[in-house]
Amino acid sequence: MYVIYNSNGEVVLSEETERPLKISMLNDDVVDIEIGLGTGLSKHTYYSVSKDVFSQEFTYVLASFHEMISYIDVPFEKPFENRRVIVQNIFDKSLFYEEYQLNFSKIDTPVIQAEFLENATLLQLTYLCGESQAETSITLNLSK
């Protein structure tokens, strides 16, 4: 069982789980609640103490920084062909939301490393690309 409190010490979330659980602070304000789903996959839910708000659930998280997150969106139809990298504000995608289509290799976890840089104005990705699974690096400019 785990319990999340707001800044007034009141319980805002109390749940039980049999799954592996990791609770950490993304920064001074944002709590990252990570629950393992098996085979290296987890779901993340974030809680902003100052805003007293929870995020949606995210899976396939690549990187997070302050209130920014990057993750792979895996659609039900043709999941290997139509995967996209989504970068958005964790709590309000109207503040920032971008999609990037990359030539991922057709394997379960094509991203080797992901990191926000320059105060989350850049996202650097290293991933396996195409049929040859060539290791490729790209830096996405998020400050459009």
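In the predicted model, strand β4, which spans residues 30-38, is largely enclosed by the rest of the structure, because seven of its nine residues are buried. This strand has pairing partners in both β3 and β5. With β3 (residues 21-25), β4 pairs in the antiparallel sense over five bridges, and the two strands form a hairpin in which four residues lie between them. Within this pairing, Ser-24 stands opposite Asp-32 of β4. The pairing of β4 with β5 is likewise described as antiparallel, and eight bridges join these two strands. Asp-32 also stands opposite a residue of β5, namely Tyr-46. The hairpin of β4 and β5 has two residues between the strands, and Thr-39 takes a positive phi near 45 degrees there. In general, strands of a sheet pair through backbone hydrogen bonds, in either the parallel or the antiparallel sense.

Aromatic contacts were examined next. A search of the whole structure finds four aromatic pairs. One of them is formed by Tyr-47 and Phe-54, whose rings lie 4.6 Å apart from centre to centre, with 35 degrees between the planes, an arrangement that counts as tilted. The two partners can also be described by their accessibility: Tyr-47 is buried, since its relative accessible area of 0% is under the 20% limit, whereas Phe-54, at 30% relative accessibility, counts as partly exposed. Tyr-46, the residue that stands opposite Asp-32, belongs to one aromatic cluster together with Phe-58 and Tyr-71.

Two open sheets can be described in turn. The first to be considered here has four strands in the order β8-β9-β10-β11, with antiparallel pairing. Strands β8 and β11 (97-100) stand at the edges of this sheet, and because each has a single partner strand, one side of each is left without a neighbour in the sheet. Neighbouring strands are turned against each other by 15 degrees on average, direction ignored. Between strand β9 (residues 68-73) and strand β10 (residues 84-89), the antiparallel pairing extends over six bridges, and the bridge partner of Ser-70 in β10 is Val-87. The loop between β9 and β10 contains Lys-78, a residue other than glycine whose phi is nevertheless positive, near 50 degrees. Lys-78 counts as exposed, because its relative accessibility of 56% is over 50%.

The other open sheet has three strands in the order β12-β13-β14, again with antiparallel pairing. Its edge strands are β12 and β14 (134-141), each of which pairs on one side only, and the twist from one strand to the next averages 15 degrees. Strand β13 (residues 122-129) runs antiparallel to β12 and is joined to it by six bridges, with Leu-117 standing opposite Leu-122 of β13. In the loop between β13 and β14 lies Gln-133, another residue other than glycine with a positive phi, in this case near 55 degrees. Gln-133 has a relative accessible area of 39% and is therefore partly exposed.

Finally, open space in the model was considered. Rolling a probe the size of a water molecule over the atoms shows where empty space is left. The largest pocket has a volume of about 450 Å³. A total of 21 residues line this pocket, and those closest to its centre are Gly-40, Leu-41, Tyr-60, Asp-108 and Thr-109. The elements that give two or more residues to the lining are β5 (41-48), β8 (61-65) and β12 (111-117). Strand β12, an edge strand of the three-stranded sheet, provides the largest share of the lining, with four residues. Strand β8, for its part, stands at an edge of the four-stranded sheet, while β5 is the strand that eight bridges join to β4. By residue class, the lining of the largest pocket divides into 13 nonpolar, six polar and two charged residues.

Key. Residues numbered from 1 in each chain as written. Predicted model: local features only at pLDDT ≥ 70, side-chain atom pairs only at ≥ 80, totals over all residues. Heavy atoms only, no water. 1 Å grid on protein atoms, 1.4 Å probe; cavity = no way out; pocket = protein on both sides within 12 Å on 5 of 7 lines; lining within 4 Å. Points joined across faces, edges and corners; volume = space filled by probe spheres on them. Nonpolar A, V, L, I, M, F, W, Y, C, P; charged D, E, K, R; others polar. Buried < 20%, exposed > 50% of the residue type's maximum accessible area, 1.4 Å probe, protein only. Pairing = 2+ DSSP bridges. Axes fitted to C-alpha atoms, helices over the stretch in contact; angles between N-to-C directions. Phe/Tyr/Trp six-rings, centres within 6.5 Å; stacked < 30°, edge-to-face > 60°.
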